Amino acid sequence: MNITILILCFSVAFAISLGSTPIVKNLAYKIGAVDVPNDERRVHKEPIPRLGGLAIFYGFLIALLCFAKPIDSQMRGIIIGSLIIVGVSIIDDVKQLRAIVKLSAQVLAAVVAVVHDVRITAISVPASIVEGGVLQLGMWSIPITIGWIIVVTNAVNLIDGLDGLAVGVSSIASFSLFFIAILGGEESVAIIAAALAGGCLGFLPYNFNPAKIFMGDTGSQFLGYMLSVICIQGLFKGYVIISFIVPLLILGLPLFDTVFAIVRRAWNHKPIMGADRGHLHHRLLDSGFTQKETVAILYVIATVLGLSAVLVLERGSYVAAMLLLVAIATAFGLYKLLRKRFNRKRAEKEATKNLNSTNE
C-alpha cells in the first residue's frame, strides 16, 4: 500500500475544501442558500449561509479523480450516486424540497450504486444458525443495500444540528474506516476514506462554533451517503465475519440517534419524518451544556466507538467490549461532573438574581 499516495490524497482534499469554502460561502448568499432561525430547533440566532457541503464534495471529488486509479465500475457508481445526492441537496438548500423528493433522490443514488455492484452480499450471524457463521444474501442484497444507504444517509443528516457536530463525527468515522482499510489492505477504500476525511477537516475550521457557514443537506447527505458506501466496500465485503458489528460501531452515534428519534416520534404519535427538538444533542443542550461542551462530548463518544471498531479487528471483540465499558463509565463520570458544575452555576445565578430583586 502506497502511504505517500494516501497522504497526498488527504492533503489535496483538505487544501481544496479549505480554500473553496469562502467561495462557496459567497455563492450561498448570492443564490439564497441561507439558514434563517425560525423555529425552536435552531440554536443559532443570526442567518447563516448553508451550502458548505459543496466545498467538502469539491475537495473530495478532485482528490479522488487524481489518486483513485483506475476508476472502475464500482467507483463510477459511487461518484454518480454522490453527484445525484449533491445535485438534489443543492436545490434543497436553496428552495427546501419536500421529504419525498429527497427520499427519491436517495433511492436513485442507492440504486445507481447497486447497479454498479456496490452491494452487501453477506452478513455474519451466529454459527448455530448458519454453518460457518456467514449468511449469503442472494437477491436480498439489493433491498438490504438500498436500505442501508438510505438509513445512514439520513442518520448523518439528523445529527447535523450543532456547529461542527456532523462534519466532525463524519471525520472521525472516515479516519476509522481509513485505518481499517489499511489493516485489510484495501487501498482503493483507503483512498476514498482519506479523500472524505480531508474534505471534512478542510471545512471544519469554518464550521466550528460560532459557525461562519453550515454544510446544509449538501454536506450532511453527501457525507452520510459516502460513509454508507465506504462501509459496504471496506467492511461488508472485506471483513465478512465481523461485517455486522464494525459498521454499527463506527456509525453508532448517528444510527442510535436515528433509531431513538423514530421510536420517540412513533410513541408520541408524531410523523416519523417530522422534525423535533428531541435529538441527543438537543437533550445535552437542555441539560445545561454549552454548544462546545455538547459537541466535545459527542466527539469523544464517536472516537471511542471508532477506536472500538478498529480494536475488534486487531484484538477481538473482548478487548473492544472492555474499552466500551471503560468509556461508558468515564462518560458517565464526566456527565455527572459537568452536571454538578452546571447546577452550581445555576444556583449561583439564581442567588444573584434574588439578591438583586431584594435590593431593588
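Here is a walk through this structure, from the overall picture down to a few single residues.

Keep in mind that what you are looking at is a predicted model. Its secondary structure comes to 13 helices and four strands. Of the 360 residues in the protein, 48% are buried. Now think about contacts between residues that sit 6 or more positions apart in sequence: 73% of those join residues with a separation of 24 or more.

Let's start with helix 7, which runs over residues 187-207. From the first C-alpha to the last, the 21 residues of helix 7 reach 30 Å, close to the 30 Å expected at 1.5 Å a residue. Is helix 7 mostly covered or mostly exposed? Helix 7 is mostly covered, with 16 of its 21 residues buried. Two of the helices that pack against helix 7 are helix 6 and helix 2, so let's take them in turn.

How do you describe a pair like that? Two packed helices are described by the angle between their axes and by the distance between those axes. For helix 6 (residues 165-183) and helix 7, the angle is about 155° and the axes are 8 Å apart. An angle over 145° counts as roughly antiparallel, and therefore helix 6 and helix 7 are roughly antiparallel to each other. Their crossing is left-handed. On the helix 6 side, the residues in contact include Val 167, Gly 168, Ser 170, Phe 175, Phe 178 and Ile 182. On the helix 7 side, you'll find Val 189, Ala 193, Ala 197, Leu 201 and Leu 204 among them. Sort the residues of this contact by class and you get 16 nonpolar, five polar and no charged ones.

Now for helix 2 (53-67). The axes of helix 2 and helix 7 come within 8 Å and cross at roughly 150°, which makes helix 2 roughly antiparallel to helix 7. Which hand does this crossing have, left or right? The crossing of helix 2 and helix 7 is right-handed, whereas the crossing of helix 6 and helix 7 is left-handed. Here Ile 56, Phe 60, Ala 63, Leu 64 and Phe 67 of helix 2 meet a set of helix 7 residues that includes Ile 191, Ile 192, Ala 195 and Gly 199. By class, this contact has eleven nonpolar residues, one polar residue and no charged ones. Have a look at Leu 196, Cys 200 and Phe 203 in helix 7: they are part of the contact with helix 2, and they also appear in the contact with helix 6.

Another pair to look at is helix 3 (73-95) and helix 4 (99-115). Helix 3 and helix 4 pack at an angle of about 170°, with their axes 8 Å apart, and that makes helix 3 roughly antiparallel to helix 4. Among the helix 3 residues that take part are Gly 77, Ile 80, Ile 84, Val 88 and Asp 92, and they meet helix 4 residues including Lys 102, Ala 105, Leu 108 and Val 112. This contact has nine nonpolar, three polar and two charged residues.

Next, let's visit the loops. Gln 96 is in the loop between helix 3 and helix 4. Its phi is near 60°, a positive value in a residue other than glycine. Gln 96 counts as partly exposed, at 46% relative accessibility. Asp 117, in the loop between helix 4 and strand 3 (122-124), also has a positive phi, near 70°. At 41% relative accessibility, Asp 117 counts as partly exposed too.

Two loops hold a cis peptide bond. One such bond joins Lys 69 and Pro 70, with omega about -10°, and Pro 70 is in the loop between helix 2 and helix 3. The other runs from Asn 209 to Pro 210, with omega near -5°, and Pro 210 lies in the loop between helix 7 and helix 8 (216-236).

Finally, find Gly 32, in the loop between helix 1 (3-31) and strand 1 (34-35). Which residues farther than four places away in sequence does Gly 32 touch? They are Asp 93 and Val 94. Gly 32 and Asp 93 are 61 residues apart in sequence, but 8.5 Å apart in space, C-alpha to C-alpha. Gly 32 is partly exposed, with a relative accessible area of 36%.

Definitions and conventions: Residues are numbered from 1 along each chain as its sequence is written. This is a predicted model: local features need pLDDT of at least 70, side-chain atom pairs count only at pLDDT 80 or more; totals for chains, interfaces and linings use all residues. Side-chain values use heavy atoms; hydrogens and water are left out. Axes are lines fitted to C-alpha atoms, for helices over the stretch in contact, and angles run from 0 to 180 degrees between N-to-C directions. Angles under 35 degrees count as roughly parallel, over 145 as roughly antiparallel, 65 to 115 as roughly perpendicular and the rest as oblique. A crossing is left-handed if the near helix is turned anticlockwise from the far one by less than a right angle, and right-handed if clockwise. Contact means heavy atoms within 4.5 Å. Ala, Val, Leu, Ile, Met, Phe, Trp, Tyr, Cys and Pro count as nonpolar, Asp, Glu, Lys and Arg as charged, and the others, Gly among them, as polar. The expected span of a helix is 1.5 Å times one less than its number of residues. Buried means under 20% relative accessible area, exposed over 50%, partly exposed in between (1.4 Å probe, protein chains only).
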